[in-house]
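Here are my notes on this one, jotted down while going through the model. Have it open alongside as you read.

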Amino acid sequence: MSGPNGSETMPLFEAVHDQIASDEDVAALDDWLRDNPDGQRQYLEFVDMQHEIERQIAGVFSRGPDSRTENATSKAAADGFLFPIHSVRWKVFAIAASLLAAVGIGWWGNSRLDDKPIAAIDLDASPVSRVLGIVTASENGLAYSGRRKLESGSALRSGRVDLQSGSMKIRMESGVELFLAGPSQIEMNDPLQVQLVSGTVTAEVPDSVIGFAVKVPGLNVVDLGTSFGVSLPANGQAKVHVFDGVVDAEVERSQQRVRLKDRQTVLFDGTSVAESSYDQDLFVQPGMNRDAIPTTTGDVRFLHTPPTSVRVGQFEHDLVLCFKERTESTLLETDLPVSLDAPGHYRVKPRWQNFGAVPRGTLVDSYFIHLDAIGPEKRTREGSITFNRPILGVVFSSSLLKGQNEIFGDPRTAYVTDRTNPKSDPTLENETITLSADRRTIRFSWRIRSRSDQVRVFVAADR
Amino acid sequence: MPTELDFVSEYSRWENEVYRFILSLVPHRPDADELMQETAKTLWTKYFQAEEPIRSFKAWACQIAFYEVLRYRKSKARERLNFSQDVIEQLANARRQHDDALTERRVALQACLQELKWPDIELLRTRYGITPDEVSAATDSPAGQPITNAMSKRLQRVRRMLAHCVEKRIAGGTL
């Protein structure tokens with residue numbers, strides 16, 4: 001048998017790697033490798049290279065499930081892991097959580113491994129359509145993924161995000177928030193890893209996610225619970241800055257590892273990292289009004305900027321999306337009729353009689369909740385949205401919604417109106433909705449039928 | 001006393017190395033995935049039981065992975081053909097011996113990947129991102145035709161091109 005670049009061995013390596021090798025092929029490879037140091041080196045180089053390609057191109061953990069990994073997942077579930085486990089890294093943390101739970105150690109303290117949002121997300125529901133994150137804000141952003149233009153609400157799958165100008169915020173399904181300042185390019189292939197191709201990215205990593213990494217060629221920046229920024233200018237010298245918390249900067253070639261803490265900055269010149277000065281203009285922390293951002297659970301995601309349309313069929317998504325309409329609060333000049341205004345659990349019946357009103361003179365903010373599922377799928381969406389101010393009223397009847405769209409709707413968004421086809425009006429018939437006793441949380445369980453589900457929530461605004 | 005954060009930090013750092021080590025010793029990818037999970041469990045348990053400080057997490061973790069591979073091979077002996085024990089041992093030793101060179105090649109490969117043209121990146125993404133059936137559908141290959149028939153020639157070309165690029169960079173000292 002010849003060497004790896006010959007006519008026989010390379011195809012054999014590839015057949016084994018591509019999982020199409022027969023037992024005879026494996027036996028032949030075993031024979032060839034035995035007592036063949038040069039062959040062993042060649043085989044290791046091949047395996048290593050394929051794994052690295054996989055890691056760089058598609059993320060080593062983003063392969064679709066096969067029967068064996070499904071079995072492993074089922075086994076893990078049977079062992080007491082309550083959420084789907086789709087990557088080795090997820091697995092070790094699941095294992096850790098499970099072991100800790102078993103021995104009663106609360107080492108992650110406030111990290112909510114057992115109830116954090118990532119636990120509920122079925123990342124591998126469909127490997128082809130797997131969503132790794134969504135764009136939650138786009139400020140003057142001109143961005144593409146392949147030929148697809150990205151806007152607030154766009155789902156992001158494996159691939160490159162090319163932000164040509166403006167800025168963009170991405171919420172990864174792992175819970176990590178990314179902020180990009182254009183021009184920047186990133187590759188997203190893994191829920192716990194982003195490759196920065198050029199430009200600047202800032203990551204805010206929640207306590208519940210450990211091990212998130214931003215990579216630039218030759219350097220891994222691994223989060224240990226923090227927010228940090230990485231910049232990669234055209235000269236290839238990456239800068240890393242920690243806003244808060246701790247990260248490890250690891251040089252792949254030399255395996256040098258530097259631990260960075262609050263407000264520390266390092267420069268990577270391609271071979272090593274060295275302390276550097278903080279460049280305020282380089283790293284821009286995403287500024288946002290935290291008070292205006294509600295807490296979401298389950299299938300709900302908050303968009304920091306509104307989508308361009310919420311008309312039926314124009315903004316289809318696997319998730320329930322919520323956004324704040326208009327930046328300015330509205331002072332009500334007359335009483336505002338709403339579908340309901342009292343805490344309780346409701347099932348919306350056909351021809352719902354609206355009751356309740358928000359009194360005139362009240363200063364309100366409105367939030368829009370939208371579900372228009374992709375295709376005919378009938379999966380139930382469940383979740384909740386918690387505001388830090390009281391909910392004053394909830395509107396879901398289409399006539400009320402349409403009437404209010406011009407007053408409260410965001411001018412950047414196209415809504416259903418009296419002029420659009422009434423057959424495509426949103427409806428919440430037979431869905432359930434709960435307004436908590438403290439008026440801060442709205443919960444729902446929606447099983448979308450033929451049309452979209454839309455709700456407007458009025459909350460008290462700060463005067 | 002090592003803390004859990006120490007473990008997570010070390011594990012995050014060396015996870016890929018351990019996985020590569022396992023992948024070198026087993027010819028079946030799903031086995032490597034399962035073995036990684038088993039190894040992670042063992043590492044977690046043994047990390048806190050170690051009587052002496054672990055000086056090299058990577059070396060220690062690979063040693064544990066090695067024994068997991070041998071144990072696994074024995075348990076699966078009747079199901080499918082794996083590498084023989086002596087070949088596994090020789091590969092593990094070779095891996096340790098060539099560790100630096102392999103790291104160097106990976107760095108070179110990263111630079112080579114940056115030079116790939118978009119259609120080749122898409123091809124690799126298609127190959128590594130989705131399952132064989134879906135690849136078959138996505139590449140318009142005739143129904144039932146295996147993935148390799150539809151894509152193998154193009155994949156081979158890209159792989160060889162990358163291998164050539166890596167060799168060139170290593171030889172020229174330009175990583």
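The points below cover the aromatic contacts and then the internal cavities.

1. A reminder before anything else: this is a predicted model, and the values here are computed from it.

2. On the aromatic side, there are 21 pairs over all chains. Take B:Phe7 and B:Trp44: their ring centres sit 5.0 Å apart with the planes at 85°, so we call the pair edge-to-face. B:Phe7 belongs to helix H1 (residues 4–25) of chain B and B:Trp44 to helix H2 (residues 29–49) of chain B, so this contact ties together parts 37 residues apart in sequence.

3. Are these two rings buried or exposed? B:Phe7 has 2% relative accessibility and counts as buried; B:Trp44, at 7%, is buried as well.

4. B:Tyr47 and B:Phe48 make another edge-to-face pair, 5.2 Å centre to centre and 90° between the planes. Here B:Tyr47 is buried at 9% relative accessible area, while B:Phe48 is partly exposed at 26%. Both pairs belong to one aromatic cluster, whose members also include B:Tyr11, B:Phe57 and B:Trp60.

5. Now the empty space. The whole structure has nine cavities of 30 Å³ or more, and the largest has a volume of about 300 Å³. Its lining counts 22 residues, and those closest to the centre are A:Arg55, A:Asn220, A:Glu250, A:Glu252 and B:Arg13.

6. Which element gives the most to that lining? H1 of chain B does, with seven residues. Other elements giving two or more residues include strand E8 (219–232) of chain A and helix H5 (99–114) of chain B. By type, the lining of this largest cavity splits into five nonpolar, seven polar and 10 charged residues.

Note on methods. Residues numbered from 1 in each chain as written. Chains lettered and ligands numbered in written order. Predicted model: local features only at pLDDT ≥ 70, side-chain atom pairs only at ≥ 80, totals over all residues. Heavy atoms only, no water. Phe/Tyr/Trp six-rings, centres within 6.5 Å; stacked < 30°, edge-to-face > 60°. Helix = DSSP H or I, 4+ residues; strand = E, 2+ residues; numbered from the N terminus. Buried < 20%, exposed > 50% of the residue type's maximum accessible area, 1.4 Å probe, protein only. 1 Å grid on protein atoms, 1.4 Å probe; cavity = no way out; pocket = protein on both sides within 12 Å on 5 of 7 lines; lining within 4 Å. Points joined across faces, edges and corners; volume = space filled by probe spheres on them. Nonpolar A, V, L, I, M, F, W, Y, C, P; charged D, E, K, R; others polar.
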